[in-house]
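Please open the model in a viewer and keep the sequence panel visible. The tour below proceeds from the whole chain to individual selections.

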Amino acid sequence: MPAATDTHPEIERYIDALWIEKGLSDHTLDAYRRDLRQFDAFLGREVGSSLLTATREQLQRYLGARLAAGQSPRSTARVMSCLRGFYRYQLREGRLTVDPTLDVDSPRLGRPLPKSLSEAEVEKLLSAAMLSPTAFNIQNWRFVRVKDPELRQQVRAAAWDQAQVTDASLLLVLCADLGAWKKDPARYWKDAPEPVREFILPALAQYYEGREQVQRDEAMRSCGIAAQTLMVAAKAMGYDSCPMDGFDFDAVAKLIQLPKDHVISMFVVVGKATQPAWDRPGQLPMDEVVIQDRFGG
Ligand SMILES: Cc1cc2nc3c(=O)[nH]c(=O)nc-3n(C[C@H](O)[C@H](O)[C@H](O)COP(=O)(O)O)c2cc1C
């Protein structure tokens with residue numbers, strides 16, 4: 001058995017037990033020791049914790065950090081199996097009462113999910129987004145798909161260097177055409193019955209004409225709904241997403257050559273999450289956000 005030259009007594013106790021109970025090879029015991037030390041070092045460095053005080057959330061962060069650093073799901077699954085054995089032993093020995101590995105999935109090793117969305121999947125997502133409702137059916141959203149890697153880098157620089165901008169497989173800048181309502185609006189209603197068209201087209205013009213605030217509000221409403229459609233559709237297709245407005249709107253407008261009568265609403269990035277989302281850091285109670293009939297009553 002490898003010599004116990006360690007300052008981690010709990011690791012060495014476990015390695016000894018493995019050697020005695022399972023007769024594992026020195027090579028395997030070394031690998032277990034290394035996995036446990038690395039997890040312990042992460043806990044100390046990143047979250048001020050240690051092997052015997054680690055929580056489930058801290059373990060999930062560690063697994064996410066490994067995957068984000070490019071470690072294969074296979075090696076992460078091996079680490080998980082090592083940690084499971086370690087914590088089961090600690091429970092058995094009465095040193096712990098809660099096993100942090102309980103209910104934490106190992107990365108799936110079956111067919112790996114594609115890292116990036118296929119063209120067909122992107123089209124499916126955008127088709128779903130294009131079914132989002134818009135007032136008067138003006139379909140004022142415009143989806144700028146940023147593919148060029150150099151442009152992505154520039155957009156990232158304008159977005160406080162947020163990694164999702166370059167690392168997500170899909171980056172969409174949700175924009176809206178403020179003048180969509182007056183650009184041949186008959187096409188939005190071309191398949192409607194004649195009486196409907198006769199009624200709706202003048203009403204549409206009257207609603208938006210000269211009302212800049214309304215045009216802008218409508219742009220944000222349409223894009224907000226389209227963003228949610230994209231995120232829900234992405235989830236249904238097995239992907240993750242993030243809405244974003246942490247960027248310099250003017251700089252991004254320049255980079256994508258936004259026309260003067262358009263506005264940017266937000267980004268939506270879609271891909272595979274590198275680590276699990278945090279729990280909501282503070283959720284308001286329902287009686288603060290749901291109002292019965294009127295405010296102040
Ligand atoms: C309009 C909007 C803008 C956001 N901008 C960013 C952003 O720039 N960067 C980011 O990491 N998250 C961003 N978020 C994500 C929120 O921080 C996140 O949705 C919120 O903290 C709740 O977390 P959850 O959606 O994971 O439950 C944004 C969300 C919305 C709705």
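What follows is a sequence of selections, each with a short account of what is found there.

**The whole chain**

Begin with the full protein, bearing in mind that this is a predicted model. Its secondary structure amounts to 11 helices and four strands. The radius of gyration is 27 Å, well over the 19 Å that the globule rule gives for 297 residues, so the protein is more spread out than a compact globule. Along the principal axes, the C-alpha atoms occupy a box of roughly 85 × 55 × 35 Å. Of the 297 residues, 25% count as buried. Among contacts with a separation of 6 or more, 72% join residues 24 or more positions apart.

**The two domains**

Next, colour residues 9–92 as domain 1 and residues 119–271 as domain 2. How far apart are the C-alpha centres of domain 1 and domain 2? The distance between these centres is 46 Å.

**S49, between α2 and α3**

Select S49, in the loop that links α2 (26–47) to α3 (56–68). S49 counts as partly exposed because 17 other C-beta atoms lie within 10 Å, fewer than the 20 needed for a buried residue and more than the 12 allowed for an exposed one. Leaving aside residues up to four places away in sequence, S49 touches L43, A54 and Q58. For a long-range view, draw the line from S49 to D250: the two are 201 residues apart in sequence, and their C-alpha atoms are 43 Å apart.

**A128 and its contacts**

Move to helix α5 (residues 119–129) and select A128. With 17 other C-beta atoms within 10 Å, A128 is partly exposed. Which residues does A128 touch, not counting those up to four places away in sequence? The contacts are T229 and A233. A128 and T229 are 101 residues apart along the chain, yet their C-alpha atoms are separated by 6.8 Å.

**G224, in α9**

Now display helix α9 (residues 212–236) and pick out G224. G224 is partly exposed, having 16 other C-beta atoms within 10 Å. A distance drawn from G224 to P185, 39 residues away along the chain, gives a C-alpha separation of 22 Å.

**Positive phi at Q139 and D161**

Proceed to the loop between α5 and β1 (141–145), where Q139 is located. Phi of Q139 is near 45 degrees, a positive value in a residue other than glycine. Q139 has 17 C-beta neighbours inside 10 Å and is classed as partly exposed.

Then select D161, in the loop between α6 (149–157) and α7 (164–167). Although D161 is not a glycine, its phi is positive, at about 60 degrees. Is D161 buried or exposed? With 9 other C-beta atoms within 10 Å, D161 is exposed.

**D167, in α7**

Continue to D167, which belongs to helix α7. D167 counts as partly exposed, with 15 C-beta neighbours inside 10 Å. Its C-alpha atom lies 9.8 Å from that of R156, and the two residues are 11 positions apart in sequence.

**Helix α8 and G210**

Select residues 194–208 to show helix α8. At 1.5 Å a residue, its 15 residues should span 21 Å; the end C-alpha atoms are 22 Å apart, so the two values agree. Just after α8 comes G210, with a positive phi of about 70 degrees.

**The ligand shell**

Finish at the ligand. Its shell is formed by Q162, C242, P243, M244, D245, G246, M266, A277 and R280. Which strand provides the largest share of this shell? Strand β3 (residues 240–244) does, with three residues. Colouring the shell by residue type shows five nonpolar, two polar and two charged residues.

Methods: Residues are numbered from 1 along each chain as its sequence is written. This is a predicted model: local features need pLDDT of at least 70, side-chain atom pairs count only at pLDDT 80 or more; totals for chains, interfaces and linings use all residues. Domain bounds come from an automatic or database domain assignment. Helices (H or I, at least four residues) and strands (E, at least two) are DSSP runs, numbered from the N terminus. The radius of gyration is taken over C-alpha atoms; the globule rule is 2.2 Å times the number of residues to the power 0.38. Two residues are in contact if their C-beta atoms, placed from the backbone, lie within 7 Å. A residue is near a molecule or strand if its C-beta atom, placed from the backbone, lies within 6 Å of it. Ala, Val, Leu, Ile, Met, Phe, Trp, Tyr, Cys and Pro count as nonpolar, Asp, Glu, Lys and Arg as charged, and the others, Gly among them, as polar. The expected span of a helix is 1.5 Å times one less than its number of residues.
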